[in-house]
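This report covers selected features of one protein model: a salt bridge, a sheet, some charged pairs and a few single residues.

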Amino acid sequence: MYKIATSPSPSSSPLFLNSSLFRFSSPSPYLSKSPSSSISYPLLSLPYASNSRSLRHRSPLGLRAHSSPVIQPLKNTISTMASENPFKDICTALPKPDGSEFGKYYSLTALNDPRIDKLPYSIKILLESAIRNCDNFQVTKNDVEKIIDWEITSPKQVEIPFKPARVLLQDFTGVPAVVDLACMRDAMNNLGGDSNKINPLVPVDLVIDHSVQVDVARHENAVQANMDLEFQRNNERFAFLKWGSTAFQNMLVVPPGSGIVHQVNLEYLGRVVFNTNGLLYPDSVVGTDSHTTMIDGLGVAGWGVGGIEAEATMLGQPMSMVLPGVVGFKLSGKLQNGVTATDLVLTVTQMLRKHGVVGKFVEFYGEGMGKLSLADRATIANMSPEYGATMGFFPVDHVTLQYLKLTGRSDETVSMIEAYLRANNMFVDYNEPQQDRVYSSYLQLDLAEVEPCISGPKRPHDRVLLKEMKTDWHSCLDNKVGFKGFAVPKDAQEKVVEFSFNGQPAKLKHGSVVIAAITSCTNTSNPSVMLGAGLVAKKACELGLEVKPWVKTSLAPGSGVVTKYLLQSGLQEYLNQQGFNIVGYGCTTCIGNSGDLHESVTAAITDNDIVAAAVLSGNRNFEGRVHPLTRANYLASPPLVVAYALAGTVDIDFEKEPIGIGKDGKEVYFKEIWPSNEEVAEAVQSSVLPDMFKNTYEAITKGNPMWNKLSVPSSSLYSWDQKSTYIHEPPYFKGMTMDPPGPHGVKDAYCLLNFGDSITTDHISPAGSIHKDSPAAKYLLDRGVDRRDFNSYGSRRGNDEVMARGTFANIRIVNKLLNGEVGPKTIHIPTGDKLYVFDAATRYKEAGHDTIVLAGAEYGSGSSRDWAAKGPMLQGVKAVIAKSFERIHRSNLVGMGIIPLCFKTGEDADTLGLTGHERYTIDLPSKVSELKPGQDVTVTTDSGKSFTCIARFDTEVELAYFDHGGILPYVIRNLIKK
């Protein structure tokens, strides 16, 4: 499991160093006898000093990618204080075919260590980073040795530092990150420091993709109409981000309407190999979205972190992580006719969930790799969070190089990438004998065994074979309420609700599809499934099938390239005929921005308690995420989305039942509209062209008229508008002094919430629409915001007042204190009053009472949302006691000063007889020096119960954060202690 940290010891700051804190190791055999004989690259003088954008056509108009003026003196400070890189003698030239050189690089082969040859490719990236950044201060020779000895050290959960090459943000998580940076500048100012030291020291790319909603669908002008509404709702936060792009250095902002962050990263931002000031090194990235892992399909090491850790990484802090195990996943054979990459990824997800890969890397290899396109690989890598791995990594091979050329990277760049990776034995050439690599465990899949499938109705790893879908659906209707159940009485299962839709007769029943969305970077990045969807639409049109008008259909590509090849192929015309008009370039339905259903459909569902269905080509289908009224949500390939839209129900056996009645009155079956692999391949070959990528991303760099018209101030400090309901100065640093507050225990705390297993960040963090009766709605109404202008929680992540009120506000949340009632309320223990969670938390805070949360297994799984930690902190939660935590969420809790505690194995709230009506005291030492990672702590209750938990501070650095009251105060204090 990963532990995110800002330095290798709690008392050190990597930006402003105290010479008394140096860590020196014994003399290294790699130290140069003659300092002038080779080039030394000190830690922060590498990718952080300038932003190499060799893969870009130009920087976006009006969106500066600065080089920081504070970096040079900072670099000089660090260069004089840190010791020389002990591996400088293996920094050698990489020659070009013409005799000149691409640049210098740290040669892993020059170490002549046979252990390196057997390392997984993903671990080699960690090794190269450690060697390149080794200064025996932040990264030591001992750290390098731990990685080289991975086969022995990884089972021991050893820590290593890691410095990613760049940071990736989207606007939902990017806005609070920029808000925090702006607030940190104010805090620096207030404490007498230099506010301009708060600047990204690594390249930061922010793509605005999470704000567009499907307000208008099934209309030829839907893109512009939705963008107009997007800018109306988000003008203030967009202007704030544009201010950030000019106020902060080394930050690139990609405007709204450009695409989905992970697809833009794959097609445009990903470097694969950096060349910065003549030094070559592998691209690596951490992002504030869990699906950052999509870039792993391109051979770039990347994964999701919380916004809190990303901010620290931007500020030059190294990540402290546990050296992960690596699961080797061997692929053989090839996919059968009619089987899609989505079917494959849902199969892989189920296999890996069963195997158990949380906190591990998964590395794919085998002869089956050559049968998978880069887009297929990216689809699998994208869903790493769904199968629980930190990464799903595909090493670079010839398929990767072909994709780089297809997407407009120059021949010179691709040649450099291949030369560097071959020289460092990080390139896979399946035409050559393969070195056996050691993995922590092994899995194997024959691609020919993959069958068509979907996943649902409430979790992405609940795979259902297409041929078994009808049976599974009826089981779900019968089963008690749960992940696979709705508890619909037998006599109500065939109920049909008739209603009028825009003056024409319509009907719904349990399982009726009311949302069919081709959405998400997971699939819209893949031409084979997108063109496959177009072919299904074409065949359906030719046979006279039509999607019913009350099904809300939408198509939201992850980049403009998709539009170009759908138009080139002539298939967009048929998608339009079936209602799949393009609605925008962003995440839309996949993240809950599905927009309202027609009022007649809404009434039919709510008045008759219909279990309505959504089918989407997304990556998440947790309850309440896609739309409040779709209790059944299925993940499917884009062509299957079209098929289910045509059928109008998930209650169908595609093998035996007709999908509809054609124009000649004959029944049309699924097999008649499903394209062959050859048809799809022909469409891809003729329609997906390199110039499409180049032209699309050249256009992105010019911005768009609405973005370019935004006027922003040029000041380096932000002028907070107290009337704003979008951007608000958070209270994190109010009253902050230079002295850390020290560790805190918990005394006589009340239980705010008592949860079972699998409480996700979708349950915790404010997401989706703002309910009209919620505390957040009351806050907005009190400030004159009309209900139609509420927008989504995600769009208001820059306002802590809204977000605190929206924490634990999910309408499907199950809190044991409510004795079976579902919804965003809890019991205020002292009075017995049933209140919204925020209102109960406010009562406790006003009375001076601490609160805790009880939880089951996998607490905080799902997207890496910083507000899932910030919100509880603002509500006054001091500790969470759970059976287990998702890795990013646990580290985020620590980052916000909340104590994460784990029950001992075999114990939980139920086995200990805890009801949540007790008061809880957690005993912690008053000095941080008396705390150790993973230490046992005692929890007592006022009912006389006492039990032992494990304090999930997993590293010494996390204890330092806790001592300082969180990661951001820690960074500020260390910056000021120059």
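Are D205 and R271 buried or exposed? Both D205 and R271 are buried. The model in which they sit is a predicted one. Their side chains meet in a salt bridge, with 3.3 Å from N to O. The pair links distant parts of the chain: D205 belongs to strand β5 (residues 204–207), R271 to the loop between α8 (261–269) and β7, and 66 residues separate the two.

## The sheet around β7 and β8

Strand β7, which borders the loop of R271, is part of an open sheet of four strands. The strand order is β1-β2-β8-β7, and the pairing is mixed. Strands β1 (91–95) and β7 (273–276) form the edges, each pairing on one side only. Direction ignored, neighbouring strands of this sheet are turned by 40 degrees against each other on average.

The mixed pairing shows in the partners of β8. Strands β7 and β8 run antiparallel and are joined by four bridges. Here N275 stands opposite L280 of β8. The hairpin of β7 and β8 has two residues between the strands, and in it N277 takes a positive phi near 50 degrees. With β2 (residues 101–106), by contrast, β8 (residues 279–282) pairs in the parallel sense, over two bridges. In this pairing K104 has L279 in β8 as its bridge partner.

Two helices accompany these strands. Helix α3 (residues 121–132) lies across β2 and β8 and runs at about 145 degrees to β8. Helix α14 (residues 411–423) also packs on the sheet, where it touches β1, β2, β7 and β8. The direction of α14 makes about 35 degrees with that of β2.

## Salt bridges

The count of salt bridges comes to 46. Three of them are set out below, with the closest N to O distance for each pair.

| Pair | N to O distance | Residues apart in sequence |
|---|---|---|
| D205 and R271 | 3.3 Å | 66 residues |
| K484 and D472 | 2.8 Å | 12 residues |
| K490 and D478 | 3.1 Å | 12 residues |

The last two rows involve helix α15 and the loop that follows. K484 lies in the loop between α15 (469–478) and β18 (496–501) while D472 lies in helix α15, so this salt bridge ties together parts that are 12 residues apart in sequence. K484 counts as partly exposed because its relative accessibility is 25%. D472, at 19%, counts as buried. The pair of K490 and D478 has a similar placing: K490 is in the loop between α15 and β18, and D478 is in helix α15. K490 counts as exposed at 62% relative accessibility, whereas D478 is partly exposed at 36%.

Salt bridges also join into a network, which links K470, E494, K509, D651 and E657.

## A buried glutamate without a partner

What is the nearest side chain of opposite charge to E311, and how far away is it? It is that of K870, at 4.3 Å. E311 is buried yet has no salt bridge, since a salt bridge requires a nitrogen and a carboxyl oxygen within 4 Å. E311 lies in helix α9 (residues 307–314). Beyond residues up to four places away in sequence, E311 touches P176, A177, D180, K870 and L968. K870 is thus among the contacts of E311, although the two form no salt bridge.

## Cysteines

How many disulfides does the structure hold? The number is zero. A disulfide is a covalent bond between the sulfur atoms of two cysteines. The sulfur of C453 has its closest cysteine sulfur in C476, and the 15 Å between them is too far for a bond. Seen from C476, the closest cysteine sulfur is that of C453, again at 15 Å. C453 is buried, with a relative accessible area of 0%, and C476 counts as buried at 1% relative accessibility.

## G304

G304 lies in strand β10 (residues 301–304). G304 counts as buried because its relative accessibility is 2%. Leaving aside neighbours within four places in sequence, G304 is in contact with G287, D289, S290, T292, R887 and I888. G304 and G368 are 64 residues apart in sequence, and their C-alpha atoms are 27 Å apart in space.

Conventions: Residues numbered from 1 in each chain as written. Predicted model: local features only at pLDDT ≥ 70, side-chain atom pairs only at ≥ 80, totals over all residues. Heavy atoms only, no water. Buried < 20%, exposed > 50% of the residue type's maximum accessible area, 1.4 Å probe, protein only. Lys, Arg positive; Asp, Glu negative; His and termini not counted. Contact = heavy atoms within 4.5 Å. Disulfide = S-S within 2.5 Å. Pairing = 2+ DSSP bridges. Axes fitted to C-alpha atoms, helices over the stretch in contact; angles between N-to-C directions.
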